[in-house]
Amino acid sequence: FLVEWSSSEDFSPLAGEIIMDNLHSLRCSITGLRTGQRYYVRVSAYNMRGWGPPCKSTPEYASPSNWKDCSGREPRRRGHTEALERLLQQVRAAHQHYNCRESSKLQNAGRKQSVSRSLKHLFHSSNKFVKTLKRGLYLSVILFYKDNLLVTNEDQIPIVEIDDSHSSSVMQDFLWFTKLSCMWDDIRWLRQNMAVSVSSSTALQARQKMLSAAAQLQNLLGTHNLGRVFYEPIKDRHGNILIVTVREVESLYSFFNGKWMQISKLQSQRKSLSTPEEPTALDILLITIQDILSYHKRSQQRLPPGLYLGYLKLCSSVDQIKVLVLQKLPNVLCHVKIRDNSNVSKDEWEWIQTLSGSESVESMDHTSDCPTQLFLYELQTAVKALLKQINLPLHQAKHFRLYTQEVLELGHNVSFLLLLPASDDVCTAPGQNNPYTPHSGFLNLPLQMFELGIVACFS
């Protein structure tokens, strides 16, 4: 087939042409078009007798457009980038002022006092890796290369103590700590600034201890980058809580205090020392380390360009909200691909807006005069595939809705339409039965961890 297009009704001049000789898919994509320009398309077929007469498209012409053209409102994030940059400049200015003030104080201090303090810090007992857990809150880092882990000279995973008298509920502090994975280089000045405002605040004191533990690990290993925080702390019945960070390195290069060991060898050594009846958080870490590394690798995968249909399902508990995701791709919602083209046109978006909240997604308009007939078919196919993926029968779709406020554009030409359950089922409340708990292949990620995964992959 010969596909030709032009901005002129008589196809003179031609804007471009494509010859399709692979007919397994009777579809082609025309790129490089200008938004708002009217284009006419015609197709000619070829056989042994030559080219046949061209056949014009139905509708006769179309204009490239975007869903934002019909919203009648300003984009939600207009000016946000500039506003964030202004805030960051204010923070930097305050930081520089604080550093200048502190440095002037330090210059006035006696040299003898400074030397003695540094020597005391060098030989302080807390400036060591932890070998055994004793009912406390700890920070561990997993640095790996292929099947090798970085361990201490005593063949232990690098662990330092955060607090030996922590609260049983550390989730809010943990979620705050996860944001440090975006700013490991700034640990030092964060500690300095927080030290000014700690006073008697228990919450700030706990977070100051977290910063101190992170800085201690950085100093012991000789690297700032501790990787990304695993999505949940590891707990045991002895009262230990272990926060884990994971980083994949590019080679087996040397660290200050560490050596490389195969994962299987480390696991076998630990197995001979541990008590499987009452495993500690460190035992659990070693038992599940392959799952942790697998999650880390999968959470960094990026979707190929295209338009996707995502399923938004939340589950709330006392102290957090979790998002339903697939284990094989935990940095985005459960999803299926609608098509390769990520753009949603004005006509398509106007048609989506006509769907009322009470209308079933399984009874979408099937009329032949629908100007978005192909999009309708693609969306119906995606809805069926998505419901099958999340193990829900098709008849439940009668209460589902499409999110009509905006198309979620994640970046790198990846866009999402959202499929929402009935209003009462979007978020499962505490005490309610979560229908996805018994199903394998799913994860319930804390909302903040889910957001960090999207930022890391698509920003």
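**Reading a predicted model: pocket, loops and chain contacts**

Reader: Phe11 lies in the loop between β1 and β2. What is the sign of the phi angle of Phe11?

Author: The model is predicted. In this model Phe11 has a positive phi, about 55°, although it is not a glycine.

Reader: Is Phe11 buried or exposed?

Author: A residue counts as buried when its relative accessible area is under 20% and as exposed when it is over 50%. Phe11 has a relative accessibility of 7%, so it counts as buried.

Reader: Which other residue, not a glycine, has a positive phi of about 50°?

Author: That residue is Arg135, whose phi is positive at about 50°. Arg135 is placed in the loop between α2 (111-122) and β7 (137-145). Its relative accessibility is 57%, and Arg135 therefore counts as exposed. The two residues with positive phi thus fall on opposite sides of the cut-offs: Phe11 is buried, whereas Arg135 is exposed.

Reader: I turn to the peptide bonds. What is the form of the bond from Ser12 to Pro13?

Author: The bond from Ser12 to Pro13 is cis, and its omega is near 5°. Pro13 belongs to the loop between β1 and β2 (16-19), where Phe11 is also found. A further cis peptide bond runs from Thr58 to Pro59, with omega near 0°. Pro59 is part of strand β6.

Reader: How is the largest pocket to be read, and what is its volume?

Author: One may take its volume, then its lining, then its position. The volume of the largest pocket is about 2200 Å³. Its lining comprises 43 residues, and those nearest the centre are Cys28, Ile30, Ala62, Asn341 and Leu374. Two or more lining residues come from each of β1 (2-6), β3 (39-44), β6 (55-62), α9 (346-353) and α10 (373-389).

Reader: Which element gives the most to the lining of the largest pocket?

Author: It is β6, which contributes seven residues to that lining. Strand β6 is also where Pro59, the proline of the cis bond from Thr58, is located.

Reader: How many residues of each class are in the lining of the largest pocket?

Author: The lining is made up of 19 nonpolar, 14 polar and 10 charged residues.

Reader: Where does the largest pocket lie with respect to the domains?

Author: Lining residues come from both domain 1 (2-64) and domain 3 (306-354 + 372-458), so the largest pocket lies between these two domains.

Reader: Cys28 was named at the pocket centre. How many disulfides does the structure hold?

Author: A disulfide is a covalent bond between the sulfur atoms of two cysteines. Here the number of disulfides is zero. As for accessibility, Cys28 is partly exposed, with a relative accessible area of 29%. Cys55, by contrast, is exposed, at 52%.

Reader: How should one read contacts between residues that are distant in sequence? What separates the C-alpha atoms of Val249 and Tyr145?

Author: One sets the distance along the chain beside the distance in space. Val249 and Tyr145 are 104 residues apart along the chain, and their C-alpha atoms are 5.6 Å apart. Val249 sits in the loop between β12 (241-248) and β13 (259-262). With a relative accessible area of 5%, Val249 is buried.

Other pairs can be read in this way. Leu139, in strand β7, has a relative accessible area of 0% and is therefore buried. Its C-alpha atom is 7.5 Å from that of Ala214, 75 residues away along the chain. Ser264, in helix α6 (residues 263-273), is partly exposed at 48% relative accessibility. Ser264 and Asn148 lie 8.8 Å apart, C-alpha to C-alpha, with their positions 116 residues apart in sequence.

Reader: Is Val318 buried or exposed?

Author: Val318 is exposed, since its relative accessible area is 84%. It occupies the loop between β15 (314-316) and β16 (321-326). From the C-alpha atom of Val318 to that of Gly431 the distance is 9.9 Å, and the two residues are 113 apart along the chain.

Reader: Finally, which backbone atom lies 3.5 Å from a polar atom of the side chain of Asn331?

Author: It is the backbone oxygen of Ser299. Asn331 is in strand β17 (residues 329-339), and its relative accessible area of 2% makes it buried. For this residue, then, a buried position goes together with a side-chain polar atom placed 3.5 Å from a backbone oxygen.

Definitions and conventions:
Residues are numbered from 1 along each chain as its sequence is written. This is a predicted model: local features need pLDDT of at least 70, side-chain atom pairs count only at pLDDT 80 or more; totals for chains, interfaces and linings use all residues. Side-chain values use heavy atoms; hydrogens and water are left out. On a 1 Å grid over the protein atoms alone, a cavity is a set of points where a 1.4 Å probe fits but cannot get out, and a pocket is an open set with protein on both sides within 12 Å along at least five of seven lines; lining residues have an atom within 4 Å of a point. Grid points are joined across faces, edges and corners, and a volume is the space filled by probe spheres set on the points. Helices (H or I, at least four residues) and strands (E, at least two) are DSSP runs, numbered from the N terminus. Ala, Val, Leu, Ile, Met, Phe, Trp, Tyr, Cys and Pro count as nonpolar, Asp, Glu, Lys and Arg as charged, and the others, Gly among them, as polar. Domain bounds come from an automatic or database domain assignment. A disulfide is a pair of cysteine sulfur atoms within 2.5 Å. Buried means under 20% relative accessible area, exposed over 50%, partly exposed in between (1.4 Å probe, protein chains only). A polar contact is a pair of N or O atoms within 3.5 Å; within protein, one must be able to donate a hydrogen and the other to accept it, and residues adjacent in sequence count only if both atoms are side-chain atoms.
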